[in-house]
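Let's take a walk through a protein chain together. Have the picture open and turn it around as you read.

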Amino acid sequence: MTFAVYTLVFILQVFTPTISYHKPTYKEDLENFTYRDASSRAVTTVSNSNTHLGAEENNISKISDAHLHKLDWKLLEDMFFKINHKEALLFGKFRKKPGFLTIGIPSVKRKDVSYIETTLDSLVMHTPPQEQEQVVIVVFFTDSNHTWVVKRATEIYHKYKTYVDSGFMQIVHPPHIAYPNFKYLERKFNDSSARVAWRSKQNLDYSYLMTYTRNISKYYIQLEDDVITTSGYLGKIKNFIAYNLKKTWLFLRFSGLGFIGVLFKSSDLPKVAEFLLVLFDESPGDLLINDLKKIKGQAKDYRSRPSLFQHLGLVSSLENKIQKIQDRDFPGYRKRKEIGWTPDSPNPNAEIHTNMDHYKNFQPEAAYFSSARNYFWTVDPKNGSFFRIIFQKSINISSISIYSGNSKHPDDKLTSSTSVSVSNVGKEGGEKCAERKNIGKFENGEFHYNVTNYHHNTKCVSIDINEDQTTWIILRDIFIKTKT
């Protein structure tokens, strides 16, 4: 991890407009990029065209992975960092005076549904006329289907004409942009090729949008095209910025969901855009900015509660994906019951302690308490990570069964480097589960342990990861039987 961080710092230091660029041949351009011609604004997917079948396809397959992943920085600089704002702006106008807040909303076509009007209606409703001079909403249509983009942009313009003509809203679509050939990207986090392409394109779209908006207002906040906001959001954002003004931060959070409600100083946008561009295919955008946050000296997240934005879309922009997640800290959200022990639980009453972060709402307790009907999903399993069960009172254990991974994510399982131990010490001073005795390790993602004489007076069971893992981990079910 340390090496990776230093590598990222090095990349940021060397990636400047004075870098020595590789000048691509026309054939290399055709093999690696999808173009939208500036004059015709039509889409041409060269790598997938019929003219590149047969012998040409064989030639492409011989290109090394290193070459396929090598982006031409001169081309990308031209596409992403030398933006012609007037060409990119489909509808709207530029105000002479900078605003306080730019709201960036990337939007792409979804199957049989659109949420963008609901998002814009919510923002209009909760931005009083006296505040609209301080806010600029930038709707960035990222879809490559130019016909659809023009149709939707025109519909949005006619519906919100007053706000667009006043400069409160802008509708943007770049006249040309470069994307790598996504089918050659390396799969990571056990993501499918389709998901890797989807999140990689998202990072490039975010990079473009941040570059486009960098001089519009003092601050920039990122939303999605399927969210709503709450009343007084601008004043609450101002108050939270003022409260944290003297702290070192790259971004502030106004939502608990991914890239929704992430606020940057506009002066930082060029570096954030550059970072997302350079590492677009390495990780999802919300994870990338967490890495950049540490590099820039921000020690922890600064998050405003209650949340100011709520996710509402069910149909994801990723094909065939349903996204039901919502922010539990948004006002009016009806919280589900807390995950915890119930009288019909098969496991003894206990507290769960772990040093691993959970992904979205896949909380640690879900693996242990059957009432949760869910599982624990973590994104950062590494050497030294642990999951500990501290029992409310001493128990006599007769068997332990632990299952990781599931049918949808079979590779997100614990390896044989993961051990299980027990202890008669639940909490001693500041240490939990001390003086542990190893009782075995995982095999093929599962752990099973049966004893004849029982483990008497057990206060803790610990699952310890003793080696960095390359995939996320799902801890699905834990069953502990006792003997009175």
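What percentage of the 484 residues in the chain do buried residues make up? They come to 52%. Keep in mind that you're looking at a predicted model, so let's ask how confident the predictor is, because pLDDT is its confidence in each residue. The chain averages a pLDDT of 77, and 70% of the residues score at least 70. Two stretches deserve some caution. Across residues 9-72 the pLDDT drops below 50, and in the model this stretch has 97 contacts beyond near neighbours in sequence. Residues 314-318 also have a pLDDT below 50, with 22 contacts beyond near neighbours in sequence.

Now for the overall layout. The chain contains 13 helices and 21 strands. Take the contacts between residues at least 6 apart in sequence: 77% of them join residues at least 24 apart.

Let's look at a pair of helices next. Find helix H7, residues 116-125, and helix H8, residues 146-159. Their axes come within 12 Å of each other and cross at roughly 30 degrees. Angles under 35 degrees count as roughly parallel, so that makes H7 roughly parallel to H8. If you care about handedness, H7 passes H8 in a right-handed crossing. Where do the two touch? On the H7 side you'll find Ile116, Glu117, Leu120 and Asp121, and they meet Arg152, Ile156 and Lys159 of H8. Sort the residues of this contact by type and you get three nonpolar, no polar and four charged.

Stay with H7 a moment longer. This helix is mostly covered, with seven of its 10 residues buried. The buried ones are Ile116, Glu117, Thr119, Leu120, Ser122, Leu123 and Val124.

Ready for another pair? Move along to helix H12 (residues 269-278) and helix H13 (residues 285-295). Here the axes are 10 Å apart, and the helices pack at an angle of about 125 degrees. That angle makes H12 oblique to H13. The crossing of H12 and H13 is right-handed. From H12, the residues involved are Lys271, Val272, Phe275 and Leu276. They meet Gly285, Leu288, Ile289, Asp291, Leu292 and Ile295 in H13. This contact between H12 and H13 divides into seven nonpolar residues, one polar and two charged.

Follow the chain onward from H13 and you'll come to a detail of the backbone. Proline 306 sits in the loop between H13 and strand S12 (309-311). The peptide bond that joins arginine 305 to proline 306 is cis, with omega at about 0 degrees.

Two more backbone details are waiting further along. Glutamate 435 lies in the loop between strand S18 (431-432) and strand S19 (437-441). Its phi is near 55 degrees, a positive value in a residue other than glycine. Is glutamate 435 buried or exposed? Its relative accessibility is 62%, so glutamate 435 counts as exposed.

On the other side of S19, look for asparagine 444, in the loop between S19 and strand S20 (446-465). Asparagine 444 isn't a glycine, yet it has a positive phi of about 50 degrees. With a relative accessible area of 65%, asparagine 444 is exposed.

Technical notes: Residues numbered from 1 in each chain as written. Predicted model: local features only at pLDDT ≥ 70, side-chain atom pairs only at ≥ 80, totals over all residues. Heavy atoms only, no water. pLDDT = per-residue confidence, 0-100. Contact = heavy atoms within 4.5 Å. Axes fitted to C-alpha atoms, helices over the stretch in contact; angles between N-to-C directions. Helix = DSSP H or I, 4+ residues; strand = E, 2+ residues; numbered from the N terminus. Parallel < 35°, antiparallel > 145°, perpendicular 65-115°, else oblique. Left-handed = near helix turned anticlockwise from the far one by under 90°. Nonpolar A, V, L, I, M, F, W, Y, C, P; charged D, E, K, R; others polar. Buried < 20%, exposed > 50% of the residue type's maximum accessible area, 1.4 Å probe, protein only.
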